[in-house]
Amino acid sequence: MSIAQQIVSPVPTFRARLFSHPVVRIVLGVVAVMLPMMLTLMLSEIVPKPERVVWPFLLAATMSLAGYRLFTQRLEKREGTELASAGATREAARGVAIGAALGLGVAGVLAAAGAFIVTGSSADWTFLLKSLPEQIMVACFEELLFRAVLFRIVEQRWGTRTALVVSFLAFALAHMQNEHVSVLAILITGVAGLTLSACYLQTRRIWLSIGVHFGWNFLYDGFFSVPVSGHAARGWLQVSLPGPEWLTGGAYGVEGSVVTLVLWSAAAVFLLRRAASR
């Protein structure tokens with residue numbers, strides 16, 4: 001660099017250096033995603049309960065997406081290509097199919113072992129529609145948080161391998177406070193974090209991972225009455241899970257089953273190899 005270039009090159013301000021630091025960006029990104037969602041849900045409590053159907057969760061998901069977009073535009077000074085609309089519907093639909101296929105695969109293996117038995121159905125099939133917006137919100141919020149913010153920024157600064165390790169640990173630790181959690185369930189949750197990060201690596205957009213996340217959760221929360229990450233079962237089809245906890249997942253749900261560990265690990269390996277080949 002010439003002396004003239006050195007003279008005219010601006011020195012970054014303290015504010016610019018601070019806001020460009022990856023840890024600061026992660027913290028601000030988390031706030032940008034969480035705060036709009038939390039405020040939306042809190043303010044929706046003002047509305048009478050009979051009128052608080054469906055829309056609060058969908059609005060909260062929309063506000064999280066808007067908060068992330070504002071974060072990328074104002075702080076990172078770029079358009080968030082990870083939220084690009086081109087191909088979003090196709091990628092999300094493919095993700096839903098993958099997530100549902102993983103869920104049905106686990107249910108099928110457990111059923112063959114006599115550990116997954118449909119005992120009846122609820123008269124209120126409309127719960128399928130009630131579960132839908134909530135699981136959309138959960139999938140959008142968590143994928144923005146763990147993939148678009150945490151994984152993306154860590155990968156930019158420290159590389160893909162470090163980002164995968166962080167993704168595994170962060171996703172697992174975030175579920176440690178759930179009820180009925182076990183060591184096996186924590187391990188499986190970490191593997192799920194790897195798989196969802198591998199989904200992000202396929203396209204560098206979050207729609208595929210959102211679809212996979214939603215497809216799995218909605219299958220068990222809305223369709224099968226099986227606990228999801230320790231949360232109470234409330235689905236349409238009533239399911240019994242007889243057998244040892246290591247096989248069925250017990251009160252935590254099938255996310256604590258060794259069958260889930262095997263299938264999600266296989267999915268993670270396949271997707272990570274596919275991403276590496278690209």
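How many bridges join strand β2 to β3, and do they run parallel or antiparallel? Two bridges join them, and the strands run parallel. That pairing opens the set of close-ups below. This is a predicted model, in which local features need pLDDT of at least 70 and side-chain atom pairs count only at pLDDT 80 or more, while totals for chains, interfaces and linings use all residues. Residues are numbered from 1 along each chain as its sequence is written, and side-chain values use heavy atoms, with hydrogens and water left out.

**View 1. Three strands make an open sheet in the order β1-β3-β2.** Its pairing is mixed, and β1 and β2 are the edge strands, each pairing on one side only. Strands here are DSSP runs of E with at least two residues, and helices are runs of H or I with at least four residues, both numbered from the N terminus. Two strands pair if DSSP finds at least two bridges between them. Strand β1 (residues 117-121) is joined to β3 by four bridges and runs antiparallel to it. On the other pairing, strand β2 covers residues 224-225.

**View 2. Gln-238 in β3 has partners in both neighbouring strands.** Gly-120 stands opposite Gln-238, and Gln-238 is also the bridge partner of Ser-225. Next along, Leu-237 in β3 has Phe-224 standing opposite. Strand β3 (residues 237-240) shows a covered face with Leu-237 and Val-239, and an uncovered one with Gln-238 and Ser-240. That fits a simple rule: in a regular strand the side chains alternate between the two faces of the sheet.

**View 3. Phe-116 is one of the best-connected members of the largest nonpolar core.** The core holds 66 residues, and those that touch the most other members are Tyr-68, Leu-110, Phe-116, Ile-206, Tyr-220 and Phe-224. A nonpolar core is a set of buried Ala, Val, Leu, Ile, Met, Phe, Trp, Tyr and Cys residues joined through side-chain atoms within 4.5 Å. Helix α6 (residues 127-158) gives the most to this core, with 15 residues. Leaving aside neighbours within four places in sequence, Phe-116 is in contact (heavy atoms within 4.5 Å) with residues including Leu-110, Tyr-220 and Phe-224. Val-239 from the covered face of β3 is also among the contacts of Phe-116.

**View 4. Val-154 and Val-166 touch across two helices.** Val-154 is found in helix α6, and Val-166 lies in helix α7 (residues 160-173). Buried means under 20% relative accessible area, exposed means over 50%, and partly exposed is in between (1.4 Å probe, protein chains only). Val-154 counts as buried because its relative accessible area is 4%, whereas Val-166, at 27%, counts as partly exposed. Not counting residues up to four places away in sequence, Val-154 also touches Ile-26, Gly-159, Thr-162 and Ala-163. With the same kind of neighbours left aside, Val-166 is in contact with Leu-150 and Val-154.

**View 5. A nonpolar surface patch of about 980 Å² draws mostly on helix α3.** Helix α3 (residues 22-44) gives the most, with eight residues. Patches are made of residues with over 30% relative accessible area and no salt bridge, with like charges joined within 9 Å and nonpolar side chains (Val, Leu, Ile, Met, Phe, Trp, Tyr) within 5 Å. A salt bridge is a side-chain nitrogen of Lys or Arg within 4 Å of a carboxyl oxygen of Asp or Glu, and accessible areas come from the Shrake-Rupley method with a 1.4 Å probe. Val-27, one of the patch residues, lies in helix α3 and counts as partly exposed because its relative accessibility is 48%. Ile-46, also in the patch, sits in the loop between α3 and α4 (55-74) and is exposed at 68%.

**View 6. Three loop residues are worth a look.** Ser-229, in the loop between β2 and β3, is buried at 9% and touches His-175, Asn-178, Tyr-252 and Glu-255, not counting residues up to four places away in sequence. Val-54, in the loop between α3 and α4, has a positive phi near 70° and is partly exposed at 35%. Arg-204, in the loop between α8 (183-203) and α9 (207-223), has a positive phi of about 60° and is partly exposed at 39%. For background, most residues other than glycine have a negative phi.
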